Amino acid sequence: MQSAAATSLAFAVPKLTRAQTKVDVIVIGAGLSGLHTALLLEEEGVNVQVIEARMRAGGRLETLYDVPGTPETGGNSFGHGYARLIDAAKRYGVDYEPNRQSYLRGMEIVIDDKIVPIDEWPNHPKNPLPKEHREDAPWEYYMRFMKDHVPLAQSGDWLDPEFAYLDIAFDDWMLGEGASSEVIDMCCNHKWEYNNSTHDASALIVMMEYLWGRSVFLKDGARSSFVIKGGNQRLPEKMAGLLNN
Ligand SMILES: Cc1cc2nc3c(=O)[nH]c(=O)nc-3n(C[C@H](O)[C@H](O)[C@H](O)COP(=O)(O)OP(=O)(O)OC[C@H]3O[C@@H](n4cnc5c(N)ncnc54)[C@H](O)[C@@H]3O)c2cc1C
């Protein structure tokens, strides 16, 4: 499949030919999952057709090639623990490189529709962080809080009945651990992991995701974050180009 809608490709083929084409499996969606599935099936000799609704391959990986700096609108980085993705990049001949964007310092704090320069943050009147941590950006304080308070040792521990008591609203857990509601609002309520808010998310699931993130993005205590050279969308594009159909 090329990065064009499969339906339009089908219309370009004479009807008789299409009727005679035998496809064993139809995969719906040319995101990483669909493409990986299709390529694995082809390796086993299965005749696969991938159908994609959009005019490009990649799904939630999308690189804005025509914008300076080629920003990612979807998946932006992966860690050393992304074994399948790294294997796919190597297997399909796509280079990757260290992610040079700073996760923590590349962001802005916006309060009441105004950007607060990071150096004004420690003394900003709306900074709700405890005195000794006012220099932390909200997302840094969140990571610090989790590091200091999460009782699980590794992500798989969330399945241990010993921790079932943590299957409560995430904000209730934070309040119980001494965070103020202003801190919870500032540091956590913007994060997509929590659905609409920290009150909708289970503390146990947030902890599982936090520890999983540490295990795949930290190596020997140092950050290990990578991107596909030239834009993350290059990987699904290459995979789509390798398909037989
Ligand atoms: C803003 C953002 C940031 C992210 N950051 C990261 C990150 O830093 N690290 C990380 O690991 N992950 C990140 N993710 C998540 C990651 O991008 C996704 O988990 C991954 O790309 C999902 O791949 P997928 O193939 O499972 O699904 P998708 O990429 O969603 O692919 C599904 C495909 O199916 C197509 N489709 C759906 N329905 C139909 C239909 N009926 N007919 C035809 N086609 C259909 C869609 O158009 C799409 O192309 C991020 C996601 C977003 C949105």
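**Exercise 1. Locate N127 and describe its surroundings.**

*Solution.* N127 belongs to the loop that runs between strand 6 (114-116) and helix 5 (138-149); helices (H or I, at least four residues) and strands (E, at least two) are DSSP runs, numbered from the N terminus. The model is predicted: local features need pLDDT of at least 70, side-chain atom pairs count only at pLDDT 80 or more, and totals for chains, interfaces and linings use all residues. Residues are numbered from 1 along each chain as its sequence is written, and side-chain values use heavy atoms, with hydrogens and water left out.

Step 1 concerns burial. N127 has a relative accessible area of 5% and is therefore buried, where buried means under 20% relative accessible area, exposed over 50%, and partly exposed in between (1.4 Å probe, protein chains only).

Step 2 concerns polar contacts (pairs of N or O atoms within 3.5 Å; within protein, one must be able to donate a hydrogen and the other to accept it, and residues adjacent in sequence count only if both atoms are side-chain atoms). A polar atom in the N127 side chain is 3.0 Å from the backbone oxygen of W121. The N127 side chain also reaches the backbone nitrogen of L129, at 2.9 Å.

Step 3 lists contacts (heavy atoms within 4.5 Å). Residues up to four places away in sequence being set aside, N127 touches W121, P122 and R134.

**Exercise 2. Determine how Y65 is placed relative to residues remote in sequence.**

*Solution.* Y65 sits in the loop between strand 2 (48-51) and strand 3 (78-79). With 31% relative accessibility, Y65 counts as partly exposed. The C-alpha atoms of Y65 and G231 are 7.6 Å apart, although 166 residues separate the two in sequence. Beyond neighbours within four places in sequence, Y65 contacts T70, G230, Q233, R234 and E237. With E237, the side chain of Y65 forms a polar contact of 3.1 Å.

**Exercise 3. Explain why C187 and C188 form no disulfide.**

*Solution.* A disulfide is a pair of cysteine sulfur atoms within 2.5 Å. The cysteine sulfur closest to that of C187 is in C188, at 5.6 Å, which is too far for a bond. By this rule, the count of disulfides is zero. Both side-by-side entries are buried: C187 has 1% relative accessibility, and C188 has a relative accessible area of 0%.

**Exercise 4. Characterise the ligand site.**

*Solution.* First, count the shell. The ligand is surrounded by 18 residues, the closest being S33, E52, R60, S77 and Y82; a residue is near a molecule if one of its heavy atoms lies within 4 Å of it. By class, the shell holds five nonpolar, 10 polar and three charged residues. Here Ala, Val, Leu, Ile, Met, Phe, Trp, Tyr, Cys and Pro count as nonpolar, Asp, Glu, Lys and Arg as charged, and the others, Gly among them, as polar.

Next, examine the atom pairs. A polar side-chain atom of E52 is 2.7 Å from a ligand oxygen atom. For A53, a backbone N or O atom lies 3.1 Å from a ligand nitrogen atom. An N or O atom in the R54 side chain is 3.2 Å from an oxygen atom of the ligand.

Finally, consider coverage. Of the 1000 Å² of accessible area that the ligand has on its own, the protein covers 60%; accessible areas come from the Shrake-Rupley method with a 1.4 Å probe, and for residues only the protein chains shown count as cover.
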